[in-house]
Structures are given as structure tokens and as C-alpha cells.
Amino acid sequence: MDLSLLTIEIATVLLAIGVLVIGLLIPREQRFGLGYLVTIGLAIILFVSFGYYGINATAFEGMYYVDDFSIFFKQLILVAAVLVTLAATLYVKKMGTNYGEFFVMTVFAALGMMVLSSAGEFITLYLGLETMTISFYILTGFKKNDSKSAEAGIKYLILGAMSSGILLYGLSLVYGMTGTTVISEVAVKLAEMGSLSPAMVVGMVFLVAGFGFKISAVPFQMWSPDVYEGAPTPVTAFLAVGSKAAAFAALIRVFMIAFPDYSLQWKMLFAALAALTIIIGNLVAIPQTNIKRMLAYSSIAQAGYIMTGVIAANAAGVRGVAFYGMLYVFATIGAFTVVMNFSANTGSDEIRDYAGLARRSPLLAAVLTVCLLSMAGIPPLAGFAGKFYLFSSIVDQGYLWLVIIGLLMSMASVYYYLSVAKVMYMADPVDDSPIVVPAGAKAVLLITMIVTVFLGVYPQPLSVLANLAANSLFF
Amino acid sequence: MIGLEHFLILSGTLFCIGLFGALAKRNAIAILMGLELMLNAVNINLVAFARYVTTGILTGHVFAIFVIAVAAAEVAVGLALIVAIYRDRISVNVDDFDWLKW
Amino acid sequence: MLTEYSGIPIIIVWAIVFPALILGASKLFHPKNPTPVKLQTYECGLETQGDTWVQFKISYFMYALVFVAFDVETVFLYPWAIKFQSLGLFAIVEMFVFIAILLVGFWYAWKEGALEWM
């Protein structure tokens with residue numbers, strides 16, 4: 001067994017535990033450097049992870065994949081974690097006592113996501129999933145003096161645990177029917193059996209429901225607006241990006257490797273879910289007055305777009321998912337960093353309070369506009385290229401209707417994205433005082449904006465990596 | 001003779017009872033108990049499958065052990081959150097958890 | 001096949017009949033002479049105070065949580081303890097890593113005052 005394949009995960013664990021121990025050893029007032037320590041540590045791990053492309057091996061006898069697909073998603077998660085921890089330092093400081101623990105839990109959540117994206121077996125998958133979600137339960141309820149936060153935490157826990165239970169029941173049925181928990185062996189056993197038993201169908205439906213909850217697909221989306229609104233904003237950003245991307249990685253691996261022979265059946269299911277998700281996510285986003293709720297519904301809609309790549313079930317579709325996932329990281333974290341800094345200064349998350357933001361802080365307004373327009377898919381921003389990859393992967397597979405829904409709803413989404421921009425640029429500010437943005441957050445804002453514009457104009461570097469990821473999944 | 005079906009029926013029933021409890025109960029503690037029932041139903045499934053389908057291979061048992069450990073962690077976090085809310089509102093009734101709209 | 005399980009209904013029937021028999025017999029023969037003192041709840045000889053359904057102090061809660069978390073982790077030690085001889089040095093080192101991580105958690109709980117009386 002070659003433990004060096006697990007270097008990235010082991011380094012992440014050591015980082016989390018190291019920061020926890022350092023936090024215990026130094027007095028409370030000196031712990032504020034820990035946030036930067038975590039950012040630097042994660043950035044180093046991200047840098048090291050580039051060396052793992054092209055290995056395409058499995059560890060622990062097929063239980064754990066170290067292929068380009070998992071490395072790509074790990075990098076996506078690490079990018080998200082680096083940006084979130086860098087942007088969050090001031091916000092967390094204002095939140096009160098447990099400063100170091102916030103970052104430790106963030107790293108643990110990232111670790112869970114990494115395991116989830118690499119899992120080649122159900123027990124590993126379940127452990128990754130729970131490491132991620134339990135860390136998120138804690139992070140969601142992290143604001144001690146704000147009971148909205150605790151309430152969001154318990155709601156997330158109840159619904160999250162319920163969905164884990166359903167997913168787990170599905171996993172147990174698949175295990176029982178095939179006699180193995182290794183994903184690639186499930187496919188072999190299913191091919192030997194020839195047909196689907198009723199219990200297997202139930203298991204697959206339960207898996208769809210469980211994963212649907214984690215990626216907040218309609219009709220399993222009811223938790224996400226509440227949790228997004230109540231959670232501390234950096235957590236919301238990480239939750240929207242990381243947990244969704246990791247769940248997509250696991251979903252793709254399970255359905256494309258374990259059930260390729262029955263893709264017609266689950267494609268239908270996912271197509272229906274994707275259509276519902278795109279329509280409802282976008283339509284419900286329109287009347288929202290709280291920007292975090294608006295972004296929550298918009299991220300539900302984004303999950304719908306990404307699902308179209310899963311429906312394609314080929315290398316082109318997976319490339320679309322990987323590419324769009326990475327863009328979505330930058331756009332979402334950019335938008336949430338603006339929300340974070342705005343609320344740290346004004347204490348408000350209401351869209352109407354964003355009036356005249358362009359005059360109070362041109363940077364914040366510009367970044368929010370770019371990020372929202374990228375999510376809407378306006379060329380030349382990155383979101384356009386991503387949607388192009390996604391939709392073109394299913395158009396010739398008989399899912400033209402889904403593409404049309406996606407395009408129509410993207411147009412509808414421009415309306416609510418632009419209405420935020422309109423408030424920021426056209427309306428007069430109630431209060432003229434400029435908004436102070438700390439250096440770390442400023443760096444995150446600039447990075448997200450530049451990357452979003454750059455990848456829209458020149459998507460080549462990212463699409464090469466996304467291609468590698470997709471090809472490693474289909475050999 | 002007790003066979004695999006009996007265990008599956010038991011676990012299916014237990015799972016439904018747990019799901020019903022989690023959805024219908026108003027007391028947050030009772031909801032957590034419902035969730036535990038769901039996870040234990042899964043454990044019965046896993047152990048039964050390990051016994052009857054893959055006799056001699058302990059994957060199912062190991063899976064069940066991991067589920068037990070994770071469930072404990074989940075419940076610990078859940079109780080901590082419930083206590084945090086209780087200190088604020090003197091209630092564990094989920095109908096009172098209405099500061100965010102559902 | 002059937003005889004294998006026939007013990008169960010017999011035990012069930014006996015479990016109902018036997019207590020009924022004993023209780024009925026003692027009901028028949030014991031003297032009936034209730035006084036208020038005799039009808040009191042027995043609590044180690046002390047006089048009882050208040051309701052049975054009292055709330056416990058929330059201070060117990062932290063102990064309970066820490067206990068639950070660490071108690072359940074020991075479940076991983078059992079399979080290891082049975083098999084570690086055939087698994088070799090790697091398994092032993094691995095278990096020490098596992099325990100070390102648990103100890104960090106315990107140290108954290110201790111240091112953050114989860115074990116203090118609040």
C-alpha cells in the first residue's frame with residue numbers, strides 16, 4: 001500500500017489538528033494569526049496537488065481513487081477553502097470567541113469533501129459525506145450570540161441527517177443486492193445479474209433522493225434558503241460551493257461507474273429533477289428581498305444547470321460539470337465576499353440597502369455585478385463558456401427540451417441579477433459613508449473578478465484540466 | 001425459519017417509523033430519536049445482508065460500526081445546537097424555530 | 001425446525017402465568033393494613049421532596065456529550081483488538097494514530113472547560 005497517494009489528505013488532517021493544537025497552546029488574544037496560517041497551509045497543499053495529475057491509481061484495493069477527476073475536484077475544494085478562509089478573517093473576528101476553531105472546522109469540512117470526491121467505495125463515501133456535513137452543522141450554528149444561526153444549524157442537521165439516512169438506506173440496499181460496497185464491482189455484479197431487482201430500484205431512487213438533497217435539487221431544496229440565510233456568510237459561501245461540488249463528484253462517480261448499464265433510467269429521473277430545479281430555482285429567486293436568500297435560490301438553479309452535465313453521462317458532460325463547477329466557485333465566493341463585507345459594515349443583508357453601493361465602494365459593486373452576470377451566463381464572462389459546454393453536451397442526446405428550458409431560464413435569471421446591479425448603480429445611497437474592505441477580502445475580490453473575466457475570454461487552461469478530469473473517469 | 005426477508009421487513013418498518021417520527025414530531029429531541037431509528041434500521045439491513053448475502057465477509061458489520069460512530073457524533077452536535085436554542089427561547093418545539101421562514 | 005423455536009412461546013406463556021400466580025398468591029395471603037407512612041414512596045429512608053419529573057441541571061449535559069463521543073469511538077478498538085496480531089505493525093501504528101487524534105480531542109475538551117462544573 002502506497003501511503004504517498006494520500007499525501008493531500010494526510011497534509012490536510014495534519015493542518016487541521018496542528019492549528020487546533022496551536023490554538024490551545026497560545027493565549028486567546030494571539031489566535032488571530034491562525035486564519036492566515038490555515039490559508040497559507042491550504043495554498044501550499046493546493047500547489048502540491050498539481051503534481052498528482054496523471055497518476056490515476058487506486059489506494060486500498062480500489063476503495064480510494066487518486067485519479068485526475070478526484071484531483072480536479074480536490075483542487076476546486078482547496079481553491080474554495082483558500083478564498084473563503086482568506087476572506088473570512090475579519091468576519092470571524094467580529095463573530096466572537098472561538099476564532100481558531102472556525103478555521104479548523106473549515107479544514108475538516110474540506111477534508112470531508114476531498115474524501116467524498118475520491119471515494120471508490122460506499123463506506124468511504126459515507127464517511128467523507130458525514131465528515132463534511134457534521135463540520136457544516138457546527139459551522140452553520142457557529143454564531144453564538146445569534147440564534148438565527150443556531151436555528152439554521154438545527155434545521156440543517158435535522159434535514160441533513162434525514163437525507164443521510166435515506167442515502168444510507170439506499171447504499172445498504174445496493175450493498176445487499178450486489179454483495180459489494182466497491183463502486184466498480186457493483187457494476188460488474190449488476191452486469192452479471194442482468195436485470196434490476198425491485199430492491200435495487202428502490203436503492204437507486206433512494207440514492208437519487210439523498211444526493212439530490214446534498215446538491216439541493218428541487219424538490220429536496222427546502223433546507224438551503226434557510227440555512228444559507230442563517231449561517232455565517234463565509235460558511236454560506238463554502239457550503240454553496242464546496243459541499244455541492246463534492247456531492248456532484250460523488251454522484252457522478254456512483255452513477256456513472258456503478259450503474260452505467262441503467263443510465264437510461266436514472267437519466268430520465270435526473271432530467272426531470274434538473275428541469276424542475278432550473279425552473280423553480282430561478283422563478284423563486286425573483287421575488288427575494290434578502291440577498292443571501294436570493295443567492296441561495298440562484299445557487300439552486302446553478303445546481304440544475306450542472307445536473308445537465310450529469311445527464312449527458314459522457315466525457316463531454318463531465319468536462320462541463322468540472323469546468324462549470326470551478327467557475328461557479330469563483331463567481332459564488334466573489335458574490336458572498338461582497339455580501340460578507342457589506343454586512344460587516346452595515347449589518348444588513350437586504351437588497352434595498354445595497355442602493356448606491358457603486359458610490360460607496362466601487363470595487364464591491366463591480367465584483368458583485370461581474371459575479372452575478374457570470375452566473376447568468378452573459379458573454380464574455382466565464383459563465384457563458386461553462387453553460388456552453390454543459391448544454392452542448394446534452395443537445396444531441398435528445399434533451400433539446402432541457403436545453404431550451406435552461407436557456408429560457410438563464411434569460412429570466414438575468415432579470416433578478418440585473419435588478420441587484422440596478423439598485424447598486426442607479427439608486428441613491430441612503431448613507432454615503434464609504435465601505436471599508438480589509439486587505440485579505442480585497443485580494444479575494446480581485447482574484448475572483450479577474451479569474452471570472454479571464455476564463456471567459458480565454459478558457460483554455462481550465463478546460464485542459466477539466467478534460468483531463470473527464471477522461472480519467474472514462475479511461 | 002427466520003430468513004433475510006424478516007430482517008428486511010423489520011428494518012423497513014423501523015425505517016418508516018423513524019422517518020414518520022422525524023417528520024411528524026414537533027419536539028426536537030423526539031426528531032433526533034426518529035433519525036436514530038432510521039440509522040439503526042440501516043444497521044439491521046447491513047448486518048442482515050452481511051450474514052445472508054456475503055456470508056463470512058464482514059463488510060456489512062464494519063459499515064454498521066462506522067454508522068454507529070457517525071450517528072453518535074451527529075447526535076452530539078444536534079443536542080448541543082438544541083441546548084443553544086433552548087437557552088434562548090426556553091423551548092424545544094420546532095414550531096417555535098420560526099426566526100427563519102421554513 | 002419448529003421445535004427450535006417452540007421454547008419461545010413456552011417462555012412467553014410462563015412469563016405471564018408465573019408472576020400472575022405469585023402476585024395472586026401474595027394478594028390472597030398478605031395482611032392488609034395500609035397506613036399513610038407505609039404508602040409513601042421509598043427513597044433510601046429519606047422523606048421524598050417534590051415531583052419525580054424534575055429537570056436535571058444542564059451542567060450534566062457537557063459530560064454527557066463528551067462521554068457519548070468518546071464512548072462510541074471505542075467501538076473501533078474491538079475489531080482491531082481481535083485482529084491486530086495478523087495485521088502486523090501497520091495496524092498497531094494506525095491505532096496509535098487514531099488514539100492520538102482522540103487524545104487531541106479530549107485535550108481540547110478539557111482545556112476549553114467542557115469538564116468544568118458550570
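So, what do the buried residues of α11(A) pack against? Four helices of chain A: α8 (198-214), α10 (233-258), α12 (291-312) and α17 (400-426). Bear in mind that this is a predicted model.

As for which residues those are, the buried set in α11(A) includes Trp266(A), Phe270(A), Leu273(A) and Ile278(A). Alanines are there too, among them Ala271(A), Ala274(A) and Ala275(A). You'll also find Thr277(A), Gly281(A) and Asn282(A) on the buried list. An α-helix has 3.6 residues a turn, so residues three or four places apart point the same way. The helix itself covers residues 263-285, 23 of them. From first C-alpha to last, α11 of chain A reaches 31 Å, close to the 33 Å you'd expect at 1.5 Å a residue.

Okay, on to the core. The largest nonpolar core has 225 residues, and Ile77(A) and Ala80(A) have the most contacts inside it. Helix α3 of chain A, residues 68-95, gives the most to this core: 19 residues. Which residues does Ala80(A) touch, if we skip its neighbours within four places in sequence? That would be Phe238(A), Val241(A), Gly242(A), Val329(A) and Ile333(A).

Last bit, the interface. Here 31 residues of chain A are in contact with 33 residues of chain B. On the chain A side, α5 (122-140), α6 (147-178) and α9 (223-230) each supply at least two residues. The largest share comes from α6(A), with 18 residues. And what's the make-up of that side of chain A? It's 16 nonpolar, nine polar and six charged.

Note on methods:
Residues are numbered from 1 along each chain as its sequence is written. Chains are lettered from A and ligands numbered from 1 in the order in which they are written. This is a predicted model: local features need pLDDT of at least 70, side-chain atom pairs count only at pLDDT 80 or more; totals for chains, interfaces and linings use all residues. A nonpolar core is a set of buried Ala, Val, Leu, Ile, Met, Phe, Trp, Tyr and Cys residues joined through C-beta atoms within 7 Å. A residue is buried if 20 or more other C-beta atoms lie within 10 Å of its own, exposed if 12 or fewer, and partly exposed in between; C-beta atoms are placed from the backbone. Two residues are in contact if their C-beta atoms, placed from the backbone, lie within 7 Å. Ala, Val, Leu, Ile, Met, Phe, Trp, Tyr, Cys and Pro count as nonpolar, Asp, Glu, Lys and Arg as charged, and the others, Gly among them, as polar. The expected span of a helix is 1.5 Å times one less than its number of residues.
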